[in-house]
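Open the model in your viewer and switch to a cartoon view. The stops below say what to select and what is there.

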Amino acid sequence: MRQWIRRLAAAFSLLLLLTACSSGQEASKASQLAMTVAGHEVEVGTYAANYLYSKAGIENMMYQYGITDLWDSEIGSSYKEHLGEIARSQTASLYLVPDQFAAAGLTLTDEERQSAGEPNPNLKEMGFTDGLIDQFTEYYAMLEKLDAYYFGENGVMVPEESEIENYFQQNYMRAKHVLISAMDENNQPITDEGTLAELEATAQEVYRRAAGGEDFDALIAEYGQDPGTSSNPDGYQFTDGEMVTEFQETVKALEMNGISEPVKSDYGWHIIQRLPLLEEGRASVFGNIVTALTGMSMDSLLDQWVNEAEITEEAVLSEITFDNVDNYKYSVS
């Protein structure tokens with residue numbers, strides 16, 4: 001499971017105190033009916049747990065982008081407006097996925113249940129009971145198996161092999177490049193005209209040597225300044241929109257094994273060699289190809305199930321907000 005951000009330690013003692021003083025009231029709130037999802041009655045505490053789970057997920061995602069004061073920011077305000085909607089969808093999915101799993105005739109083995117990993121202990125801070133944690137664990141195991149059932153190799157929604165291969169050949173490219181970087185040691189654009197002229201001259205020299213038949217990999221090793229090269233030793237295999245425009249359009253215009261003159265992007269000068277696709281690289285983009293051909297993915301299928309399900313919501317849901325959701329969660333020791 002994802003790793004969620006812990007609550008502030010300074011508030012922990014106060015939270016315990018409030019729980020002890022009002023546990024009866026909180027238990028009463030948490031046990032109210034919140035929703036009915038395709039015949040399944042859902043308590044307020046379950047909805048509150050999903051709300052806090054969604055909130056923590058957004059915090060974690062934004063933290064990866066260096067946003068540590070999310071809820072005081074403009075983007076945080078936008079997320080606050082939609083958290084209730086996100087929590088409703090997440091809560092509904094928790095009940096709809098097992099129904100769809102059974103309808104597909106699928107079952108879970110003990111090994112598959114365990115594949116979801118150990119529950120995150122922070123879930124209890126969000127009001128997850130032991131039963132709800134077990135439900136979540138099975139939910140993710142089922143979701144993984146449903147994804148394979150619909151969109152994996154030989155999945156029921158997967159197009160014919162010939163169609164997938166044709167899309168791969170027509171829409172994907174592979175290339176290596178020598179990058180002469182136009183960024184300084186602080187990853188800021190170099191502005192000195194003399195330095196830029198020297199860098200461009202170096203790029204032209206690399207091109208002359210490459211066009212003259214020198215080993216391209218040796219030139220990458222001698223001159224290349226792309227940190228991604230080490231993790232992509234066979235070059236970049238990509239489709240439209242995944243690389244900077246200048247790189248992408250240059251590769252498209254090259255003949256197979258052709259080498260480009262230096263092309264400038266925000267990153268610097270690229271001397272590019274187009275290469276044949278690696279068939280073994282198709283596996284890593286299989287899901288993207290299926291989505292491109294069908295317009296469907298596991299996420300969109302989940303949305304469809306939620307949109308089509310018979311869901312009724314109780315008035316209490318409108319009382320639960322970003323600021324008071326903790327008052328509605330299960331009291332978990």
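Select strand β1, residues 33-37, and strand β7, residues 311-313. In this predicted model, the two run antiparallel and are joined by three bridges. Pick T36 to find one of the contacts: its bridge partner in β7 is T312.

Keep β1 on screen and add strand β2, residues 40-43. How many bridges pair β1 with β2? Four, in the antiparallel sense. Show V37 next; H40 is its bridge partner in β2. The two strands form a hairpin with two residues between them. Stop at A38 in that turn and check its backbone: phi is positive, about 50 degrees.

Now move to the open sheet. Four strands make it up, in the order β4-β3-β6-β5, with antiparallel pairing. Which strands stand at the edges? Select 236-238 for β4 and 263-265 for β5. Each has a single partner strand, so one side of each is left without a neighbour in the sheet. Turn the view to look along the strands: neighbours are turned by 45 degrees against each other on average, direction ignored.

Zoom in on β3, residues 173-181, beside β4. Three bridges pair these strands in the antiparallel sense. Label M173 and F238: the latter, in β4, is the bridge partner of the former.

Next, bring in the helices on this sheet. Select α7, residues 193-211, which packs on the sheet and touches β3 and β6. To compare directions, show β6 as 268-275; α7 makes about 20 degrees with that strand. Then add α8, residues 216-223. Helix α8 lies across β3 and β6, and runs at about 35 degrees to β3.

The last stop is a helix pair. Select α6, residues 161-171, and α10, residues 286-294. At what angle do they pack? About 100 degrees, with the axes 10 Å apart. Angles of 65 to 115 degrees count as roughly perpendicular, so α6 is roughly perpendicular to α10. Show side chains for the contact. From α6, take E163, I164, Y167 and F168. From α10, take F286, I289, A292 and L293. Colour them by class: the contact has seven nonpolar residues, one charged and no polar.

Key
Residues are numbered from 1 along each chain as its sequence is written. This is a predicted model: local features need pLDDT of at least 70, side-chain atom pairs count only at pLDDT 80 or more; totals for chains, interfaces and linings use all residues. Side-chain values use heavy atoms; hydrogens and water are left out. Axes are lines fitted to C-alpha atoms, for helices over the stretch in contact, and angles run from 0 to 180 degrees between N-to-C directions. Angles under 35 degrees count as roughly parallel, over 145 as roughly antiparallel, 65 to 115 as roughly perpendicular and the rest as oblique. Contact means heavy atoms within 4.5 Å. Ala, Val, Leu, Ile, Met, Phe, Trp, Tyr, Cys and Pro count as nonpolar, Asp, Glu, Lys and Arg as charged, and the others, Gly among them, as polar. Two strands pair if DSSP finds at least two bridges between them.
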